[in-house]
Amino acid sequence: MPSILKEAAETAFTLAKGFSVTLRTLFRPTVTENYPDEPVRFEARYRGIHVLHRDENGLEKCVACFLCAAACPVQCIYIEAADNTAETRISASERYASVYNIDYSRCIFCGYCVEACPTDAITHGHGFELATYNIADMVYRKEDLLAQPLKPPRT
Amino acid sequence: MSETQNSVQLTVDGRAIDVPSGTLLIEACKSTGHEVPSFCYYPGLSLQAACRMCLVEIEKTPKLQTACTVVVQPGMIVRTETPQVAEARKNMLEFLLTNHPLDCPVCDKGGECELQDMVFRYGAAESRFVEEKEHQPEQQFSPIVYFDYPRCILCFRCVRVCDEAMDVKALGIGQRGVRTLIIPNRPDGTLECEECGMCIDICPVGALTSHQYRYKTRPWEMNYVGTPCAHCGDGCKTTLNVRNNQILRGNNRDMTGINGEFLCIKGRYAGDFTHHPERLRQPLLRRNGQLQPASWEEALGFVAQHLKEITKRSGPRTVGFLGSNRTTNEENYLLARFARTVVGTNNLDHHRTADFAALAGALHGEPVRYAASGDLSRASAILLVGNDPTHNHPLLAWNIRSAVRQHGAHLYIINSRRIKLRRQARQLVEIPSGKEAAAIEALHGAPTDISAATQQELATLRAALEKESDVIVLFGAEVFGSAVSRLVEFSRQLPGVTRYIALGDYANSRGAADMGLLPDRLPGYASLKDALTRKKWEQVWGAALPSEPGLHAKQMLGGNQLRALYVIGSNPVRTFGLPQTREALGELELLVVHELFLTETARLADVVLPAASAYEKDGTFTNTCGEVQRLKRALDPGAVRTDFEIIRLLSYAWGTPLPLRSSEAAFEEIRQHVRGYRVSQAQLVAGQAVRCAPTSGHAAADTPPGLVFSADDSLFTSGTLGRYSAALNSVSERDLPRSRL
Ligand code: SF4
Ligand code: SF4
Ligand code: SF4
Ligand code: SF4
Ligand code: SF4
Ligand code: FES
């Protein structure tokens, strides 16, 4: 007999213990992300798709020094440099990147490029939706990476 | 120099060394493997002692000394790596950086900058200099040269190389103190010079930069391919800096090759013709009077069919071949073999820019009498007849200047122009144009029609030459035929061993002649008339050879003796000054041209086959002095084909395939059978220039006038290629009279 009582008590205790977790969690803040129905939240230092920044005048910060490309362990950054001229000024320095590609089929999001950049032109953004059916789409061009101009150009 | 009584013993960093007396301490240290940092010191240039980077400790001398100006003394005890020395270097760097911008990320020199390397090694990253830095905007000195004042560390290497080594003196020093800067020679702040780019390359920092490389890429992003220059006949080795199948610049920083660090504007910047937009990329076939794109199969089939048909119908003697001064030895050899054995004609020639055949004939059996380009810079006496090496042979001119400057060599010139090298000459005899042969007769003491005064000058010249020994004789296209043998006859009586260089225009002029692109000569200048040699070549080639000498270039062009003309890599309409009509070339049924661009001749052709340039193929070149060098392919030729491939494919389409499958196989055959070309493969593969000396033992037949002439390119032109080089076309000096330089 005592064994039956003991078993019942133990069951009740175990249930209560188990449900106490459920009950506690019921009143805690929700952590589940409802992606894709709701936007994803990121930690500030999440390393996603890169962003090429602009300075306070709206000029590109990148001076095409190739240091990010040199630092990149998988060599996924491809740059072509060109001269700023009096008529067309793209960056604040003498040169700018006329072509800047990152191949995301190779990028391992290590952040070395960001560390190498002397002008803080490149950082990791929070973009992560890279899936595609065509591998050629994984190469992002400067236009894809560049931060929006500060103000829309006057018309 | 190396005899024991002339050597000095000293100790560097605890190691006893023996160096020739008179050696500079900095060089002595270098010989022990202790590189003493230096900015202003540069081997071969005068001493400056401006940068104080080379400070070293010398025992019993109270202060640190500049190793670049101290001459070694017996018993000297030198230390190059003490903490005191390191501290001094660090402090000197801090001085150099007071006005230096933090430009490395955008500076063209970043990655190959001597200042950057030094700061990295000795560290002076913290600056105590808080005052505002001197700044001036970047200046464009010329279409080639840019100057960025803040980056200049005032080592004056540029000024000295331009003054002493180039003898141009276009750069000077302006202002003083902290505002000191490099100034160009024109009053409006631009340069008028040879645009050689030596100053750009020698600058240890990024103060002088070139238009072509400026802000385009970075040193570690490029491929480096060392290959002979595609332009003049001197055969400088240029290291092409290639990115994305495009040549961005050439230089020779590792100083390998016969030219050391020297390159003229063509070797440095005129590789840009390779990606000119007008470059031919596919075969063109004339349909309904118009040149229209065609496939390779179609074009080659057309050529083979028509060429064969004409050969059958009107005989092989109505087919002619004009070879090139820019194609490789292997291609020339293959062409000679194709023309002579497959088509069966000796109508084979090229634009001869020097009479190499006459020299080979005059020197028969004496290969040691060919001087190499390097021999010039060590020569004690030089005789130059005709030509203007400053323009036509920039490397040889550089070598002549260094012989005069560094070894006190004596230069004698006989020329119809007051060429720039007169400044180095002991004596210049100015003769009327076209009187070179007469001047040589006058040297012999024979009566001539030159004025008595000039004859007197020539007699003085002769007397001076008779006191010299081991003279090197250079002669241009003005001296040809029997005049060459007369010149050799004269100079061979001079004391010592006289050696010779015939000055031909383009990258492989010498190779074209050596490989037998001549109507009366087989490869190696073997005479076609000699039954024994003919038999030898019949055995090598496995086919009968026509024994009658063929037509030469002038007879082929417009002589109405040909039905078909096959032109490879040359533009006879322009070089021979013909009217730009098809009729001017004679009653041709077929004109085939291999070219890079649609030249005047190509425009008249029935078929134009797009060919690869020297930077897009393998093979060998022989420079004008007879030094063989191997080409390294720097660019992917894409859809164009090498002349070698085209000739080979043509032989297939013809139905008599040539057995040589690759240019290596062709070169092996050349090595085996062309006399004087048995050069070391190992040295060639290692990138060295190997001397060859083709000797036929057959005396030269006299060369008719009008066949040997120089295109007389200037520093800024280079035949067809030069017309398509943006760099060469950009310089303003191109249009100046030559006497200005
Ligand atoms: S992103 Fe930064 S490191 Fe990369 S090229 Fe531009 S400036 Fe240089
Ligand atoms: S010259 Fe050298 S140290 Fe100066 S900015 Fe250029 S790379 Fe840097
Ligand atoms: S390019 Fe050559 S000739 Fe011109 S300034 Fe420089 S060193 Fe002198
Ligand atoms: S420009 Fe270059 S080579 Fe000339 S003085 Fe300045 S640092 Fe030296
Ligand atoms: S001297 Fe002649 S071979 Fe040398 S770089 Fe100039 S053109 Fe080329
Ligand atoms: S290298 Fe000796 S002072 Fe400049």
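This talk covers how two chains meet and what surrounds two of the ligands. Keep in mind that this is a predicted model.

Let's start with the interface. On one side, 15 residues of chain B are involved, and they contact 16 residues of chain A. How much area do chain B and chain A bury between them? About 1200 Å². Carbon and sulfur atoms account for 52% of that area. Now look at chain B's share. B:P105, B:V106 and B:Y215 supply 44% of the area that chain B buries against chain A. No other three residues supply more.

Next, the polar side of the story. The rule finds two salt bridges across the interface of chain B and chain A. Find A:D83 and B:R214 on the screen. Their side chains meet in a salt bridge, 2.4 Å from N to O. Now the classes on the side of chain B that touches chain A. Nine residues are charged, four are nonpolar and two are polar. There are also eight residue pairs in polar contact across this interface, with both residues at pLDDT 80 or more.

On to the ligands. Ligand 1 first. Which residues are around ligand 1? Among them are A:C62, A:C65, A:C68 and A:C117. A:F66, A:I79 and A:Y100 are on the list too. By class, this shell has eleven nonpolar residues, one polar residue and no charged ones.

Now ligand 3. Its surroundings come from chain B, including B:C162, B:C193, B:C196 and B:C199. B:E194 and B:E195 are also there. How many charged residues does the shell around ligand 3 have? Two. The rest of that shell is eight nonpolar residues and one polar.

How values were computed. Residues are numbered from 1 along each chain as its sequence is written. Chains are lettered from A and ligands numbered from 1 in the order in which they are written. This is a predicted model: local features need pLDDT of at least 70, side-chain atom pairs count only at pLDDT 80 or more; totals for chains, interfaces and linings use all residues. Side-chain values use heavy atoms; hydrogens and water are left out. A residue is near a molecule or strand if one of its heavy atoms lies within 4 Å of it. Ala, Val, Leu, Ile, Met, Phe, Trp, Tyr, Cys and Pro count as nonpolar, Asp, Glu, Lys and Arg as charged, and the others, Gly among them, as polar. Contact means heavy atoms within 4.5 Å. Buried area is the accessible area (1.4 Å probe) that two parts lose on being put together, summed over both. A salt bridge is a side-chain nitrogen of Lys or Arg within 4 Å of a carboxyl oxygen of Asp or Glu. A polar contact is a pair of N or O atoms within 3.5 Å; within protein, one must be able to donate a hydrogen and the other to accept it, and residues adjacent in sequence count only if both atoms are side-chain atoms.
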